[in-house]
Amino acid sequence: MHYKDFENVIIMEHPLIKHKISLLRDKNTVTLVFRHLVEEIATLEVYEALADVPLTEVEIETPIETCTGPVIDGKKLAIVPVLRAGLGMVTGVQNLVPNAKVGHIGLCRDPETHEPREYYCKLPENMDQRLAIILDPMLATGGSAVAAVDFIKQHGCKHIKFMCIIAAPEGLERLAKAHTDVEIYVGNLDRCLNEDAYICPGLGDAGDRIFGTK
């Protein structure tokens, strides 16, 4: 199937996003620059992802007169990075929504079943009234992404968006099929996964490159 067959998939086409992803791919991009690029891409993506948030009118006193103006309606947003690479995208989102609450979800692979297992989950209160934006730079097999959405739904959240920078077709299809109610924002759709489940051409291990651990 093609990603265009899924109504919940949005592939970013902005030239700045494409340009910055090309810089991310370069193996010679140093950690500091890599980290800044991840933040900038997250800012550009979340700008698009929040285009449909509801607004309400409030009264504002300007230096000239009193007027009404639109503000985001309802509860504050919840930013939920998937540990650890998702942490690199948090500041980029906070640049636009600094008051958003931040939760964290940690997943590891079960040595017997090879399926993702939750080892840590700390989310803001009232998740049933919030829009949660899950952050993970790489959507490879889709196993962790599907599990992250599953776990957040188990905590009562009904409105979820997923943001990644690079996706493989295999993982994108798996997530889009498993959670048709979740909008998936993708910086770039790459060619495929290799035998080691790395995205090709990809950019290597995002966590290692963000935190300088390799």
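**Exercise 1.** How do the residues of the lining of the largest cavity divide into nonpolar, polar and charged?

*Solution.* The model is predicted: local features require pLDDT of at least 70, side-chain atom pairs count only at pLDDT 80 or more, and totals for chains, interfaces and linings use all residues. Residues are numbered from 1 along each chain as its sequence is written, and side-chain values use heavy atoms, with hydrogens and water left out.

Step 1. The search of the whole structure yields one cavity of 30 Å³ or more. A cavity is a set of points, on a 1 Å grid over the protein atoms alone, where a 1.4 Å probe fits but cannot get out; lining residues have an atom within 4 Å of a point.

Step 2. The volume of the largest cavity is about 30 Å³, a volume being the space filled by probe spheres set on the points, which are joined across faces, edges and corners.

Step 3. Its lining consists of Leu-24, Phe-34, Val-38, Pro-137, Met-138, Ile-165, Leu-203 and Ala-206.

Step 4. The lining divides into eight nonpolar, no polar and no charged residues. Here Ala, Val, Leu, Ile, Met, Phe, Trp, Tyr, Cys and Pro count as nonpolar, Asp, Glu, Lys and Arg as charged, and the others, Gly among them, as polar.

**Exercise 2.** Which parts of the chain does the salt bridge between Lys-161 and Asp-52 link?

*Solution.* Step 1. Seven salt bridges are found in the whole structure, each a side-chain nitrogen of Lys or Arg within 4 Å of a carboxyl oxygen of Asp or Glu.

Step 2. In the bridge of Lys-161 with Asp-52, the closest N and O atoms are 3.2 Å apart.

Step 3. The pair links distant parts of the chain, 109 residues apart: Lys-161 belongs to strand β10 (residues 159-167), and Asp-52 to the loop between α2 and β2 (55-61). Helices (H or I, at least four residues) and strands (E, at least two) are DSSP runs, numbered from the N terminus.

**Exercise 3.** Where are the cis peptide bonds from Leu-83 to Arg-84 and between Cys-200 and Pro-201, and where is the positive phi of Asn-126?

*Solution.* Step 1. Most residues other than glycine have a negative phi, and most peptide bonds are trans.

Step 2. The bond from Leu-83 to Arg-84 has omega near 0°; Arg-84 lies in the loop between β4 (78-83) and α3 (87-94).

Step 3. For Cys-200 and Pro-201, omega is about 0°, and Pro-201 lies in the loop between β13 (199-200) and α6 (206-211).

Step 4. Asn-126, with phi of about 55°, lies in the loop between β7 (116-122) and β8 (131-135).

Conventions: On a 1 Å grid over the protein atoms alone, a cavity is a set of points where a 1.4 Å probe fits but cannot get out, and a pocket is an open set with protein on both sides within 12 Å along at least five of seven lines; lining residues have an atom within 4 Å of a point.
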